[in-house]
Every structure is written in C-alpha cells, then in structure tokens.
Amino acid sequence: MIKVENLCKSFKIYQKPPGLKGSLKALFKRDYFYKNALDNVSLQVEPGEILGLVGANGAGKTTLVKILSGIIYPTSGEVSVLGYNPWKRDNRYRKQLSLIMGQKAQLWWDLPAFDSFLLLKEIYQISDKNFYKNIDYLSNSLNISHQMKTPVRKLSLGERMKVELMATLLHDPKVIFLDEPTIGLDLMSQRAVRSFLAQYRKEKNPIIILTSHYMQDIEELCRRIALIKNGSIIYDGPIDKIHKDYSQFQSINFEVLDSDIGRIQNFLIQKFPENEKEFIDNKIKLRLKKELVGEATKELLEHFSIDNLSINQIDISKVIENYLQHDQT
Amino acid sequence: MLRYLKLYGYFLRFSFTKALEFRFDFTFRIFMDLAYHLSNIFIFKIIFSHTTNLAGWTEEQAIVFIASYILCDGLYMSFFANNCWWFPVFINKGELDYYLTRPVSPLFFLSLREFAANSFINLLFAIGIFTWAITNYSSPFSISQLLAYIFLIINGVVIYYILHMLFYLPVFWTQSPRGFEGLLYGLDSIMKYPDKIQNLLFRYLFTLLIPLNLIISFPAKLFFGEDVIYNGVLLASWTIVFWSFFLWIWSKALKQYSSASS
C-alpha cells in the first residue's frame, strides 16, 4: 500500500533578467524564490489499483512520483510505500519498485535490449527460471519477441517503449510508477501499451501510479484519478463521478457560412456571455447546460444558415481541463 | 561482492562491444596515448642529462616513478575516466534517477559502468613500460615488495578517482554542467613529479589537503625503502580518512539531488 500524508516539496529557484547584462548582474546578485512543487499532498493507493495522476505541465506529478520512488527528498510530510520510507533507499524496497519515465531511456543505447535485461537479471538477482519465464511472457504480451537482438538505437519509438516496459517489469515489481509511458507514441503503439498494462494489472495485481497527458490512457486504465494543480490535489476520486457531475453539460457543434462568421461571433458573445465557445474558421462549438440546448439550437437555426449540426456529450478530457482551469471542488 | 564482480563483467562486455564498433577512435587513441607516455619519459631523460640526482632520486628511480605514473594514468583512463567525465552531465540533466531506484550502489554504477575499451591497448603499453622500468631497476627487491607496490599504485588510482569526484560533487549544489574540474586539471601535473621537489608548505598541501602526493610519490618512496613506517602509516591512515570523507560528502550530495524536470 502507498500512504502519503501532508507531503510538501519546495525547490529553490532563481530568476535571471534576459541578455548578457542580466547574466552579469546575476553573477553578483540573484533573486531566489521558493516554488512549492507539492503542497500538503495526502493520498492512499491499494494493491491492484491504478491511480491516474493528472495535471498540467509543472503541476507536481513527476515530483510526487520521484519522491515515492526515492529519487528526491521531500521538504516535509510522511510517505510509506509497502511499509518503507522511499528516500531511505532500502534495497528491499528498491527490489519491489519499478519506474518508467517516458522521456528518459534506461536501456543501453548501443546494445540489444536482451543484453540490458541480462544486466537487470544480476541487479535484481532474478533466478534463471523466473527470468526466462518473464522474458517469454512480456515479449509475447507486448508482441516484441522478434526485436530482442536489435540494438536499442535501431528500434522505433514504439518498440523502444515496449522493451523499456519489459525492463521495468522483469523483476515482478509490486509497485510501479509509470510517468508518461505513451508519450510520443503513435496511436497503435499507445493502444498496445494500454492493453498490455490493463492485462498486466489484472494478472499480477501490483500498485500502479500512472501519469499521462493522453486522456485515453487515464480513461481506459484508471478507475480513480487524482487531479493536481499547483502542487495540490484538487480532486481525488472515481473518474466516473467527475464525468457524471459534468454530464449536465452538452456541446452544440455546427458550421456557418463564411460570410456569417463575424455576425455569429457577436451573436454568441451577447446571447451566451458566460458559456464556453470555440471558433475554428466556420466551425463552432458552444457548451451549454442540457436544458438550454433545445432553445439555443432553435434560435441559431432561426438566425443563421446552419450546416452539420450535432449535439454531443462533453468528453472526459474537456471535463478535466475545465476542472483544472476553474478549480471546482 | 561476487554480484558486483558479475555486474562488472557485464560492464566490460558491453564496453568492448560498443568500442569495437568505432574502429577509427580505437586506433587513434593508441597513437595519442603512446605519444603522451613517451613524452613523460622523455622529460625525465632530459632532466637526467643535466644531473645525476633529482631530489635524492637516481635516474633509475625516477624512471620507475614515471612508469608508475603512466601505469596509474592508464588504469584511471581505462576504468574511471569516461565515467567521471560524464558524471557532472548526468547530475545536471537528472540522469541519476534510474540509478537511484536500483538495488545496487549508485556510486558503483556511475563510477564503473563504462570501461574505456578503446584505451585498453594503452593500458597494455603502460603495463609494458612499468615492467621495463622495474626490470631495469638494479636495487634488489622481493616479489612481495613488488606486489605491495602494485597494490599501492592501485590504491593511488582510487585516490585519484576520489579527487576527481570531489571536484565534481559540487555539481549537486551548483547545478553547473562541469563542476570544478578545470581546477583539478591545473593541479594534475603536480603528481607527475616527486613530492620532494616541493617546498614544505606545498608538500603538506598536496599530501593532506589535495593528496596528489599519495598517488605515486608515497608508494614509490615505500618501494625505494625511504622511511617505510612513517610513509606507510601516513599513506594508509590518510587513504581511510579520505575515503570516509568522500563517502560522507556523497551521502550529503544524494540528499541534495533535485533531479531535473521531465
């Protein structure tokens, strides 16, 4: 189990005025300030659960993952992962831990992935039997068994992520931190990684914390999400609940004649000043409460020549984006 | 211990596999290092063409000394240099992250992961030069004395590595991409000459504070039988003090590590 209580982390950062003059000035006097990367974070994650950590860049997701995996020290607060304090870096904990960072490679670049796996076998002291059993299981599940002997630098980005995932899971970790595991992957590779992770969780029951900017990753893999904004958790609960709370909204999507673009913008701004609107060329999206949608559609049809009209539910990524922007609790 | 040896076996295998892919680098390095070794011997040959005695040492002893330096340099270049070179870059770019999550010493990994296989031939040359210098040394010595001397040179290599690391470790606090390595390069040539040519102040400075003299000068003095007890105790105790200080700073540095944003 992961238990985090009142976790805070602040970084000392300095600001430098631009240009050479600024650099010279900063040589003698620096303006330091403290940035709260994490501010009183508390949460709990049970075995078999995948918690989705969602937030904008710089919100504190990776900082939290780095503290939980023992890479950096917190400023204050309590953390227990599988009963260990991560930053004490106990080898018994590190043997059960796994971390993958989508933007950082861990395998030896010029060598085939299998060579790196052999090194990991020694590092984690994996028995021959378990090692070959896991290699078979992981390479077949990820459909990558044909690339074990190819140098990592020659693999495609998708293949590289698959072998990175293999490296992460070879020692049967009980707690797994996945920091943007699908970043930069094409849609097919993203899907392959997602379905593998779903299957892996079902079969092995580890604790998983997943951060991703791809809402599909979160939606498909996590029943529970934690939204982080400016280092604080502003929502921690079922993904369904946050979606349901917002399902009272719908969006009207339509197109107008090019000659009407200016007129409809003024019309919508006057008529629906509080509602969210999106204008891309002649394609328009208007978000409204469900009960207002019928009346608004009628008015639009009366005043404008409307084409390709559709009324849609707000998708989860939009819901979360709004939640993070407006900080509704 | 056995596990670490096995891991080092993998590092060696990986390093050779990588190095053999870059043939030009492999051959170029041989000529470059050989020229460097010969120039070091040449300087002592020039000095001894003007005198028969350098701070109490004969030409034979000076040649053993410089051959020991060449051996020490060869060992450092092969085992540690590449790793030390990349060390501050790793810290600056937050590449330490994965090393800290593995159940092995991150210091072991960072210090030894890459064996400079392209300077391996030069290590063989260095061993050859050392063997030549020792066989030309006419004073009597036993095999155990020679083995002890080689052990002390290896100890010197470790001190040299720690010195480098101590100049790099401030990166954890300053975040500068290269640490204070420039300072060390300036001092590097000190260890190429016997400590006895230094005045008393500098001799203390380069023995106790920046212990460049412990790397070659002290082992050589012990091999030549000069003040064996005094020099031996000083070398052993200062090596332990220095190691402990390094490990203490290293643990502080890891606490300070702030990684880099993703």
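Here are some notes on the pockets, cavities, helices and ring contacts of this predicted model.

1. Let's start with the open space. The largest pocket holds about 1,200 Å³. Its lining runs to 39 residues, and those nearest the centre are Phe11(A), Lys12(A), Ile13(A), Ser258(B) and Ser259(B). If you want to find the spot quickly, go to those five.

2. Which elements build that lining, with at least two residues each? From chain A they are strand S1 (2–15), strand S2 (31–45) and helix H2 (61–68), and from chain B they are helix H8 (171–174) and helix H12 (228–256). S1(A) is the top contributor to the largest pocket, with six residues. As for chemistry, the lining splits into 15 nonpolar, 16 polar and eight charged residues.

3. On to the second largest pocket, whose volume is about 1,000 Å³. Here 38 residues make up the lining, and Lys18(B), Phe90(B), Tyr99(B), Arg113(B) and Glu114(B) lie nearest the centre. Chain A puts in two or more residues through H4, while chain B does so through helix H1 (2–19), helix H2 (23–50), helix H3 (59–92), helix H4 (97–100) and helix H5 (106–112). H3(B) gives the most, at six residues. By class, this lining has 22 nonpolar, seven polar and nine charged residues.

4. Then there are the enclosed spaces: the structure has two cavities of 30 Å³ or more. About 50 Å³ lies in the largest cavity. Its walls come from Leu97(A), Ser98(A), Leu99(A), Gln106(A), Tyr124(A), Ala167(A), Thr168(A) and His171(A), joined by Thr101(B) and Arg102(B) from chain B. Strand S5 (97–101) and H6 of chain A each supply at least two of these lining residues, and S5(A) gives the most, with three. The class split is four nonpolar, five polar and one charged.

5. The second largest cavity has a volume of about 40 Å³. Its lining is Asp33(B), His37(B), Asp73(B), Gly74(B), Met77(B), Ser78(B), Ser119(B), Asn122(B) and Leu123(B). H2, H3 and helix H6 (120–135) of chain B each bring at least two residues. H3(B), already the main contributor to the second largest pocket, also gives the most to this cavity, with four residues. Two of the lining residues are nonpolar, five polar and two charged.

6. H6(A) deserves its own look. This helix covers residues 157–169, so 13 residues by the helix assignment, and spans 19 Å from first C-alpha to last, close to the 18 Å expected at 1.5 Å a residue. Is H6(A) mostly covered or mostly open? Mostly covered: 11 of the 13 residues are buried. Among them are Glu159(A), Lys162(A) and Glu164(A), along with Met161(A), Val163(A), Leu165(A) and Met166(A). Ala167(A) and Thr168(A) are buried too, and both appear in the lining of the largest cavity.

7. H12(B), one of the elements lining the largest pocket, has 29 residues and reaches 41 Å end to end by C-alpha, close to the 42 Å expected. Its buried residues are Asn231(B), Leu234(B), Leu235(B), Thr239(B), Phe242(B), Phe246(B), Ile249(B), Trp250(B), Ala253(B) and Leu254(B).

8. Now the rings. A search over all chains turns up 43 aromatic pairs. Take Phe114(A) and Phe117(A): their ring centres are 6.5 Å apart and the planes meet at 75 degrees, so this pair is edge-to-face. Both sit in helix H4 (residues 113–124) of chain A, three residues apart, or about one turn. An α-helix has 3.6 residues a turn, so residues three or four places apart point the same way. Are the two rings' residues buried or exposed? Phe117(A) is buried, with a relative accessible area of 0%, whereas Phe114(A) is partly exposed at 23%, which puts it over the 20% limit for buried.

9. Finally, two charge-over-ring contacts to check by eye. Arg287(A) lies over the face of Phe249(A), 4.4 Å from the ring centre. In chain B, the charged end of Arg3(B) sits over the ring of Tyr4(B), at 5.9 Å from its centre.

Note on methods:
Residues numbered from 1 in each chain as written. Chains lettered and ligands numbered in written order. Predicted model: local features only at pLDDT ≥ 70, side-chain atom pairs only at ≥ 80, totals over all residues. Heavy atoms only, no water. Phe/Tyr/Trp six-rings, centres within 6.5 Å; stacked < 30°, edge-to-face > 60°. Buried < 20%, exposed > 50% of the residue type's maximum accessible area, 1.4 Å probe, protein only. Lys NZ or Arg CZ within 6 Å of the ring centre and 35° of its normal. 1 Å grid on protein atoms, 1.4 Å probe; cavity = no way out; pocket = protein on both sides within 12 Å on 5 of 7 lines; lining within 4 Å. Points joined across faces, edges and corners; volume = space filled by probe spheres on them. Nonpolar A, V, L, I, M, F, W, Y, C, P; charged D, E, K, R; others polar. Expected span 1.5 Å × (residues − 1).
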